[in-house]
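Me: I've just opened this one and don't know my way around yet. Can you walk me through it?

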Amino acid sequence: MNTKVTIAGVTLQNPVMTASGTFGSGMEYGEFVDLNKLGAVVTKGVANVPWAGNPTPRVAEVYGGMLNAIGLQNPGIDVFIERDIPFLKQYQTKIIVNVCGKTVADYIEVVEKLGDTGVDMLEINVSCPNVKEGAIAFGQKTDALFDITSQIKKHAVQPVIMKLSPNVTDISEMARAAEAAGADAISLINTLTGMKIDIHKRTFALANKTGGMSGPAIKPIAVRMVYQAASAVKIPVIGMGGICNAEDAIEFLLAGASAVSVGAANFFNPYATEEIVRGIEAYMEQYKIEDVKELIGAVQS
Amino acid sequence: MQKKKLTATVKSQQKIAEGIYDLRLSTELAAEASVGQFICLYPKDKSTLLPRPISICEVDKDKETLRLVYRVAGKGTAEFSGLKEGETVEILGNLGNGFPLEKGAGKRVFIMGGGIGIPPMLELSKRLSAEKQIIVGYRDRDTFLKEELEQNGSVYVATEDGSVGSRGNVMDAIRENGLCADVIYACGPMPMLRAIKGYAQEKGIPAYISLEEHMACGVGACLGCVVKTKNIDSHSHVNNARICTDGPVFEAGEVDI
């Protein structure tokens, strides 16, 4: 049975990756799962300088999921290159670094510093709803997305994945803008902007007032958007949004995703990623599927 | 010691005060649990997915039992309060750093707990060899765990309504009884911990305080449960320590609360 998938020339041993921001750089979950078994580890977003992130409370539970407003806290690219990349290189998994910034120049600085580090791919975060400058500001208009994608492509050594926001009117036109600007792949969905109010305290549950919603409650929206995006472009799509088990992951593959990312489920079940890898294999065995690629976009009307 | 998620069996559960439950779990995690650490419990109801952090009240290594005393605060803890003997619950542990016993060994110490911050102080009061003054604050005469604490040191009680001990909070109890110490250990609500930090600074003594914050993963990955710190820590490279992993116990002077 073949579980390998190839995205922009990079071959993953299986289509299961981690979703940025839910898995650190793998160290914390290395106690629970064998990182060697994962298709790729996608790191927490990293900027050109350290970011302190938002005040607490930063997380809140909602029905079937959670809200977060971490605000892209990160140690900065220099520490990341020195500490996190050598850690991940010990494992037989691909390394995808999620990149964030306040300005296009910030993103380019990080992308350039990653050029000779041997990481496999870059995922560009233009969709975080929790920071005031940068991030989502580049991901909600087609012209801004086109502009930042093409500028990053000029400086990137590795293939570039643009991570798209679901907080847009038409996901297809965003996907097409990224493709037209030269993106090698797209990933979606990032979190949906949400809010929770504590009726007893009469306060916002998050200090940031709004946060990004993730978890199984958002999955149907994510499957729909992955299907629309995959139908709109020829570049590979990486699907995510509420994936908790192998059945969820397979749904995304059928919708057109070439690989999937597991996010909030890591918090509910620290073994989720490895269980999903095994679950996909069991499904392939059950339905006598020789190659996982047969599942990609195989949904029928 | 490796963190694990596993299935624990309920040995017993009883309500010990209004909204306060005493749950004993049979689990191999007891073998390595240390004072001031916590575990997470996962609700079975899949609309409530995040693990609930609960401090360890007592550890019985021989019987492989962890005792948790917790307050029902929402859907997850309400579900746990219905757990019966023989039923199972998914848990994650052991988490966090715990209290540094060596800092208070042989000294005059305050062991201070407020409300649902009292439970972890029971195991601490058992394990610490020192001149122990245990100061606990409650809302009213529902003074859960008081008798057990009295077996491990001199107990001073404060209640908000004045029904038992000093009227007011743990700081009022210290003043009223003219107590002093060389080292403080504390767990409780943030206003209490702020007052203790101020008191410790005034007296020039160390205070080891256990913090809580909303968290998603419990293992240091999500960066949800941070506290501002005086120094830039080696993990974040900003002034943000993770309560779940770098804490929950911090020396009060290190954190900005």
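**Starting with a helix in chain A**

Reply: Sure, and keep in mind that this is a predicted model. In chain A, the buried residues of helix 2 pack against helix 1, strand 7 (94-99), strand 8 (121-125) and helix 3 (142-155).

Me: Which residues of helix 2 in chain A are buried?

Reply: Helix 2 covers residues 104-113, and its buried residues are V104(A), D106(A), Y107(A), I108(A), V110(A) and V111(A).

Me: OK, stepping back. How many helices and strands does chain A have?

Reply: Chain A has eight helices and 16 strands. Its C-alpha trace spans about 50 × 50 × 40 Å along the principal axes.

Me: What does the radius of gyration say about chain A?

Reply: It is 18 Å for chain A, and a compact globule of 301 residues would come out near 19 Å, so the value agrees with a compact globule.

Me: And how much of chain A is buried?

Reply: Buried residues make up 61% of the 301 residues. Among contacts in chain A with a separation of 6 or more, 71% are between residues 24 or more positions apart.

Me: What about the surface of chain A?

Reply: The accessible surface is about 11,400 Å², and 51% of that belongs to carbon and sulfur atoms. As for charges, chain A carries 25 positive and 31 negative side chains, with the centres of the two sets 5 Å apart.

Me: Now chain B. How many helices and strands there?

Reply: Chain B comes to five helices and 16 strands. Its C-alpha atoms fill a box of roughly 50 × 45 × 35 Å along the principal axes.

Me: What's the radius of gyration of chain B?

Reply: Chain B has 18 Å, and a compact globule of 257 residues would be near 18 Å, so that agrees too. Of those 257 residues, 57% count as buried.

Me: What about long-range contacts and charges in chain B?

Reply: Residues 24 or more positions apart account for 60% of the chain B contacts with a separation of 6 or more. Chain B has 32 positive and 34 negative side chains, and the centres of those two sets lie 2 Å apart.

Me: Changing topic: how many aromatic pairs are there over all chains?

Reply: A search of the whole structure finds 11 aromatic pairs. One of them is Y283(A) with Y287(A), a tilted pair with 4.8 Å centre to centre and 45 degrees between the planes. Y283(A) counts as partly exposed because its relative accessibility is 22%.

Me: What about Y185(B) and Y208(B)?

Reply: Those form a tilted pair as well, at 5.9 Å centre to centre with 35 degrees between the planes. This pair links distant parts of the chain: Y185(B) is in strand 12 (residues 183-187) and Y208(B) in strand 13 (residues 207-210), 23 residues apart.

Me: Are those two tyrosines buried or exposed?

Reply: Y185(B) is buried, with a relative accessible area of 0%. Y208(B) has 10% relative accessibility, so it counts as buried.

Me: Which residues form an aromatic cluster in chain A?

Reply: F23(A), Y29(A), F32(A) and Y271(A) form one.

Me: Let's do backbone oddities. Where are the cis peptide bonds?

Reply: One joins T56(A) and P57(A), with omega about 0 degrees. P57(A) sits in the loop between strand 4 (40-42) and strand 5 (59-62) of chain A. Another joins G93(B) and N94(B), with omega about -15 degrees, and N94(B) lies in strand 7 (residues 88-95) of chain B.

Me: Why point those out?

Reply: Most peptide bonds are trans, and most residues other than glycine have a negative phi.

Me: Then which residues have a positive phi?

Reply: L72(A) has a phi near 55 degrees, and H237(B) has one near 60 degrees. L72(A) is in the loop between strand 6 (65-68) and helix 1 (77-89) of chain A, while H237(B) is in the loop between strand 14 (226-228) and strand 15 (240-242) of chain B.

Me: Buried or exposed?

Reply: L72(A) counts as buried at 6% relative accessibility. H237(B) is partly exposed, with a relative accessible area of 29%.

Me: Last one: where does N152(B) lie?

Reply: In the loop between helix 3 (146-150) and strand 10 (154-159) of chain B. N152(B) counts as buried at 18% relative accessibility, since the cut-off is under 20%. Leaving aside neighbours within four places in sequence, N152(B) contacts L122(B), S125(B), K126(B), K132(B) and I134(B).

Note on methods
Residues are numbered from 1 along each chain as its sequence is written. Chains are lettered from A and ligands numbered from 1 in the order in which they are written. This is a predicted model: local features need pLDDT of at least 70, side-chain atom pairs count only at pLDDT 80 or more; totals for chains, interfaces and linings use all residues. Side-chain values use heavy atoms; hydrogens and water are left out. Helices (H or I, at least four residues) and strands (E, at least two) are DSSP runs, numbered from the N terminus. The radius of gyration is taken over C-alpha atoms; the globule rule is 2.2 Å times the number of residues to the power 0.38. Buried means under 20% relative accessible area, exposed over 50%, partly exposed in between (1.4 Å probe, protein chains only). Contact means heavy atoms within 4.5 Å. Lys and Arg count as positive and Asp and Glu as negative; His and the chain ends are not counted. The place of a charge is taken as NZ of Lys, CZ of Arg, CG of Asp or CD of Glu. Rings of Phe, Tyr and Trp (its six-membered ring) pair if their centres lie within 6.5 Å; planes under 30 degrees apart count as stacked, over 60 as edge-to-face and the rest as tilted. Accessible areas come from the Shrake-Rupley method with a 1.4 Å probe; for residues, only the protein chains shown count as cover.
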